[in-house]
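Trainee: Got a minute to go through this one with me?
Mentor: Sure, put it up.

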Amino acid sequence: MNQIDRTRRVHLALLAAAGLLGLPAQAQDTPPAIDPAQFSACLNELKGSQAFRAITPGTFAQHTANLAADPTVLVLLNRQPEFTMPVWDYLAVLVDDERVADGRAAYARWQSTLQKIEQQTGVAPQVVVGVWGVESNFGQNLGGRPLVQSLATLSCFGRRQAYFRGEFASALRILQEGHIAPDKLSGSWAGAFGQTQFMPSTFFRSAVDFDGDGRRDIVDSVPDALASTAKFLQNAGYRRGEPWGFEVRLPAGYDSSGASRKTKRPITAWRADGLTLADGAPLPDSLPSAGLMVPARGGPAFLVGRNFDTLYSYNASENYALAIAQLSNLVAAPAATPMAFAQPWPTDDPGLSRAQNRELQTLLLARGHDIGSADGMIGAKTREAIKAEQQRLGHRADGRAGQKLLAALRRG
Ligand code: CA
């Protein structure tokens, strides 16, 4: 992946992340006006262009006739993240009780399929389940925007037209080859779709027909989706039998300021530095080399190997990769396993689970704040209401949903 690709992926991943975390899908800003004649002229030009050479005129016409542009995706393309979440807030939402319970049920239900997938790809079942849970909440959050409409709009307007033209052509090729029905091809505003949240071009690199019906259906076939996830990780260099990494204990006074996931050293070198597992046991030999990752100074530290990098490549975010890693550990662990890392995060105000977000919203509604329904999505209206309550209570008015505010509102 070259630097431009990486930057683009990070940008798209951050915006896609907003959807995964329950931030609002609608933009607050007014969408730009689009001239239908200009859109139609652009589509006409695309039809004969090199990027669309694999698309027949019939396919193109079938899916673009009477197509209107969707200007709201252009607002989302330009949206800057206005709210930076600390790593513990990501994990509180992405690895909460509900998702671990759903993950354990999925792990049990799809065990034999997952074992077959592991035989073919080397990717451990719990890792596939971890990705599935974080990417689409086990197939429950696929995104509802029609892909052809979003990608056609982004191909003709906005900052990244060349990139989106490739994705638009791939989306039409998916339809042309009959992998997914047109009315099922919906996803995020940027074109990630299905239970694996692949971009259309990723589909052609990694999607697999695992149930043998001749179609690679990552929307409606769980076996296809799980095998495609594993194939993506295998393509990214996943190593059979290796763990993603583990939480470690640093020796007292250890200088971790230069820690990086990417700076891999042999486990023997880390052992010589005095690092142990979080419970003090010696570092195992299951990981030949690893990088040290310290997401927040004073918080938990991790040694992470090549397989963690494959999780990173899924979303270009270390916080996301850590959520997948932690979820994968928990879905395969005994039910009594603690959710938290051995070393707590350096905060006295931890983040909220999705259930707690809903409870917070219910309490805000009861206090008369007009925030719509208690859907667990912490959007702009909820943040404004949080700020008002924080001001009233004398808390720092940053609009963040945390345990301190929830506790204060529960007290009344
Ligand atoms: Ca299939």
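We will go through the metal site, the salt bridges, the sheet and a pocket.

Trainee: What kind of model is this, and how are residues numbered?
Mentor: This is a predicted model, in which local features need pLDDT of at least 70, side-chain atom pairs count only at pLDDT 80 or more, and totals for chains, interfaces and linings use all residues. Residues are numbered from 1 along each chain as its sequence is written, and side-chain values use heavy atoms, with hydrogens and water left out.

Trainee: Metal first. Which residues coordinate the calcium ion?
Mentor: Asp209, Asp211, Asp213 and Asp224 give OD atoms, Asp224 being listed twice, and Arg215 gives its O. The distances run from 2.3 to 3.1 Å. Donors here are N, O and S atoms within 2.8 Å of the metal, or 3.2 Å for Na, K and Ca; water is not among the atoms, so sites may look incomplete.

Trainee: What spacing do the donors follow along the chain?
Mentor: D-x1-D-x1-D-x1-R-x8-D.

Trainee: And is the geometry octahedral or irregular?
Mentor: Irregular, with angles of 46 to 162° among the six donor atoms. Six donors count as octahedral if opposite donors are over 155 degrees apart and all others between 65 and 115; four count as square planar on those limits, or as tetrahedral if all angles lie between 85 and 135 degrees; anything else is irregular.

Trainee: How exposed are Asp209 and Asp213?
Mentor: Asp209 is partly exposed at 27% relative accessibility. Asp213 is also partly exposed, at 42%. The scale: buried is under 20% relative accessible area, exposed is over 50%, partly exposed is in between, with a 1.4 Å probe and protein chains only.

Trainee: Switching topic. How many salt bridges does the structure hold?
Mentor: It holds 23. Each one is a side-chain nitrogen of Lys or Arg within 4 Å of a carboxyl oxygen of Asp or Glu.

Trainee: What does Arg358 pair with?
Mentor: Glu98, with the closest N and O atoms 3.3 Å apart. Arg358 sits in helix α16 (residues 354-366) and Glu98 in helix α6 (residues 97-109), so the bridge ties together parts 260 residues apart in sequence. Arg358 is partly exposed, at 31%. Glu98 is partly exposed, at 31%. On naming: helices (H or I, at least four residues) and strands (E, at least two) are DSSP runs, numbered from the N terminus.

Trainee: Which side chain does Asp220 meet?
Mentor: Lys184, at 2.4 Å, N to O. Asp220 is in the loop between α11 (200-206) and α12 (222-235), and Lys184 in the loop between α10 (161-176) and β2 (186-187), 36 residues apart.

Trainee: And Asp309, buried or exposed?
Mentor: Buried, with a relative accessible area of 14%. The side chain of Asp309 forms a salt bridge with Lys264, 2.9 Å from N to O. Lys264 is partly exposed, at 29%.

Trainee: Which residues are linked with those two in a network?
Mentor: Arg261, Arg306 and Glu318 join Lys264 and Asp309 in a network of salt bridges.

Trainee: Now the sheet. What is the strand order?
Mentor: β4-β6-β7-β3-β5, five strands in an open sheet with antiparallel pairing. The edge strands are β4 and β5 (276-277), each pairing on one side only. Two strands pair if DSSP finds at least two bridges between them.

Trainee: How many bridges join β3 to β7?
Mentor: Four, and the two strands run antiparallel. Two bridges pair β3 with β5, also antiparallel.

Trainee: Which residues face Val248?
Mentor: Leu277 is the bridge partner in β5, and Ala301 stands opposite in β7. Of the five residues of β3, four are buried.

Trainee: Last one. What is the volume of the second largest pocket?
Mentor: About 520 Å³. It has 22 lining residues, and the closest to its centre are Trp88, Leu91, Ala92, Val95 and Ala340. Helix α5 gives the largest share of the lining, three residues.

Trainee: How are pocket and volume defined?
Mentor: On a 1 Å grid over the protein atoms alone, a pocket is an open set of points where a 1.4 Å probe fits, with protein on both sides within 12 Å along at least five of seven lines; lining residues have an atom within 4 Å of a point. Grid points are joined across faces, edges and corners, and the volume is the space filled by probe spheres set on the points.
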